[in-house]
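These are my notes from a session of looking things up in one structure. I went through strand pairing first, then backbone angles, cysteines and empty space.

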Amino acid sequence: WDADYLEIKDLQRGDGAHIIDVVGQDFTSLLRRELRRDQPFTALNVRRAEFDKLLIDQARHFGAEVREGTEATALVQDDSGRVTGVRWRDDQGRSGQIDTPLVVDASGLAQFGGKGQRTYCTELANFAVSGYFRGASWKVLYRGEATASTNVFIASVEHGWIWYIPVAEDLISCGAVTSTAHFKDRLKQVDLEAFFHEMVGSCPELAPLVADAELVDDVLPGGRRVQATRDWSGWAAQPVRPGYVAVGDSAIFVDPILSSGLTMAVQSGHRAAYTFNTARQRSDLDADALWAAYADYIRGEAGSYLTLARYYYGNNRAADSWWWQAQRAVNPAGQLDLDDKQAFTLATAGFFPVPRAISTEIMAPLLEGLLGTDADLKNVYHADGLPEGAALLTARLQIRTPFTLKIRTEPDDARAAPGQLDVFHDLVADDFDFAHRNAAIPCRIAPALAPLVAALPAYATVGDFIEHAPSLVPGTSGRAAEVRQAALAIVRNAAKKGFIHLEISP
């Protein structure tokens, strides 16, 4: 099913109340200006050859020296191990060395600067076989009309899943992802192109759309009609070290089920550039700590995708039982006049455990991140579901993962100089499993409160910690109430990020 929110935006309960209005919603109260839509929010799928040329041409326009047909062959390091440049060789057989204060490794899965130093996710060790169709039909039409807009389509099949992505009016990117075991087993019996058609043909939603289509040989390198790619999610053991930073897939690669590759490449490249600028301009800051904040950032962004990808794969086999459980949650006691597709669409919009309108609490973080609004939306996090008053003070503290007070950075134009990062302190966990978007919600904490963060695991209850807080911070005589308030905020932020669990007494 395609979750087209436009089809249900006027859906009502029996009492006439609207229960969803995802598009066409009046966001004036959030944005201080009217933003109404009659089309869904969209993303972009790009043809890499064209997109890469746009980037490289723009780099030339900005004054970068671009060398095409030139291969980096080795990193250059000084006696301390600091990376100081690269050696190169070009298509004409010439070679040389470039010295530079920073080498950015954007070599993708080639992992130029980190071969043999990568951690892999054994749960996501797959192969993808893909090609491009001409003469195929679009799967999704908005409101049943042949317009200029369509959707990415993803479907589960017996041995994996299929993507079907229109990248032009008559060009479809199509790929099949399957387990390494199934891929190797079938390739003993059929060739790669036959395997590709076998996988696509196993999807009843797509097989009719490509029945009269042809695989093209003018898109993939070398005139190939199909290609195989190993989709083994993994990350660099050291994405940063003196004089070196990895970006994009070279830093972290996540299974493509969420189409995150180009997004992560652009985000991490942007953050690496801003980190370099900030370290160069801010001599008052510890450069190593700034680059550690970059590593924490990309770990958190990619970690979010990795968590979702694991969830998708882990729940795929139980899709039928999951769906009917979700359908009952969306439409308890059958109180809404919904067909199965409408209920599915509501489920994708987060209508759990009971129907609710899309609210400020849900939309504010999304809008703030996507639209760059200067509205004060951070206060939505005060409703974090944590107890208040005596119930919170009697709660027992359980540490779920070690965490420390470390430098965090954000590209906040209002707080930082152009091209630089806003630098502050926040709670950060070292465990990769706790790298996710909720943990990345910025919570600014004064460095002077580091003793409180360090002491927190030693206390059994929130009340004990709050009571002793003033004695833990030097130089705060006469400010006990203020310190206790700060300690309480640390507890709430640590719980909100998932670093601690609060066991509430009955």
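Entry 1, strand pairing. Before counting anything, I fixed the term: I call two strands paired if DSSP finds at least two bridges between them. I also noted that what I have open is a predicted model.

With that rule in hand, I looked up β5, which covers 118-134, and found that ten bridges join β5 to strand β10, residues 226-236, with the two running antiparallel. For a register point I took F127, and the residue standing opposite F127 in β10 is R230. I then asked which strand pairs with β10 over two bridges. The answer is β13, residues 252-253, and the sense of that pairing is antiparallel. Within the pairing of β10 and β13, G234 stands opposite F253.

Entry 2, the hairpin. I turned to β2 (residues 83-90) and β3 (residues 95-99), which pair in the antiparallel sense over five bridges. R87 has Q97 of β3 opposite. The hairpin of these strands has four residues between them, and there I noted that G93 takes a positive phi near 85°.

Entry 3, the open sheet. Which order do the strands of the three-stranded open sheet take? I read it as β4-β12-β11, with mixed pairing. β4 (103-105) and β11 each have a single partner strand and so stand at the edges, one side of each being left without a neighbour in the sheet. For the parallel part, I found that β4 pairs with β12 (residues 244-246) over three bridges, and that D105 has A246 in β12 as its bridge partner.

Entry 4, backbone angles and a helix check. I keep in mind that most residues other than glycine have a negative phi. Against that background I marked Q111, a residue other than glycine whose phi is positive, near 50°. Q111 is found in the loop between β4 and β5. I also asked whether Q111 is buried or exposed. Q111 counts as buried, because its relative accessible area is 12% and the limit is under 20%.

For α2 (residues 48-61) I compared the expected and modelled lengths: at 1.5 Å a residue the 14 residues should span 20 Å, and the end C-alpha atoms are 20 Å apart, so the two agree. Just after α2, G63 has a positive phi of about 105°.

Entry 5, cysteines. How many disulfides does the count give? With the sulfur cut-off at 2.5 Å, the count comes to zero. C174 is in no disulfide, and the nearest cysteine sulfur, which belongs to C203, is 8.4 Å away. C174 is buried, with a relative accessible area of 0%, and C443 also counts as buried, at 7%.

Entry 6, a contact across the sequence. I looked at A450, which is found in helix α11 (residues 450-455). A450 and L405 are 45 residues apart in sequence, yet their C-alpha atoms are 6.1 Å apart in space. A450 is classed as partly exposed because its relative accessible area is 31%, between the limits of 20% and 50%.

Entry 7, cavities. Rolling a probe the size of a water molecule over the atoms shows where empty space is left. I found three cavities of 30 Å³ or more, and the largest has a volume of about 80 Å³. The lining of the largest cavity comprises 13 residues, with G114, Q117, A236, Q238 and Y244 nearest its centre. I sorted that lining into four nonpolar, six polar and three charged residues.

Entry 8, the second largest pocket. About 270 Å³ of space lies in this pocket. Its lining has 14 residues, and those nearest the centre are R82, P242, G243, D288 and W291. The elements giving two or more residues to the lining are β11 (240-241), α5 (261-281) and α6 (287-316). Which element gives the most to the lining? I noted that it is α6, with four residues. By class, I recorded ten nonpolar, one polar and three charged residues in the lining of this pocket.

Conventions. Residues numbered from 1 in each chain as written. Predicted model: local features only at pLDDT ≥ 70, side-chain atom pairs only at ≥ 80, totals over all residues. Heavy atoms only, no water. 1 Å grid on protein atoms, 1.4 Å probe; cavity = no way out; pocket = protein on both sides within 12 Å on 5 of 7 lines; lining within 4 Å. Points joined across faces, edges and corners; volume = space filled by probe spheres on them. Nonpolar A, V, L, I, M, F, W, Y, C, P; charged D, E, K, R; others polar. Expected span 1.5 Å × (residues − 1). Buried < 20%, exposed > 50% of the residue type's maximum accessible area, 1.4 Å probe, protein only.
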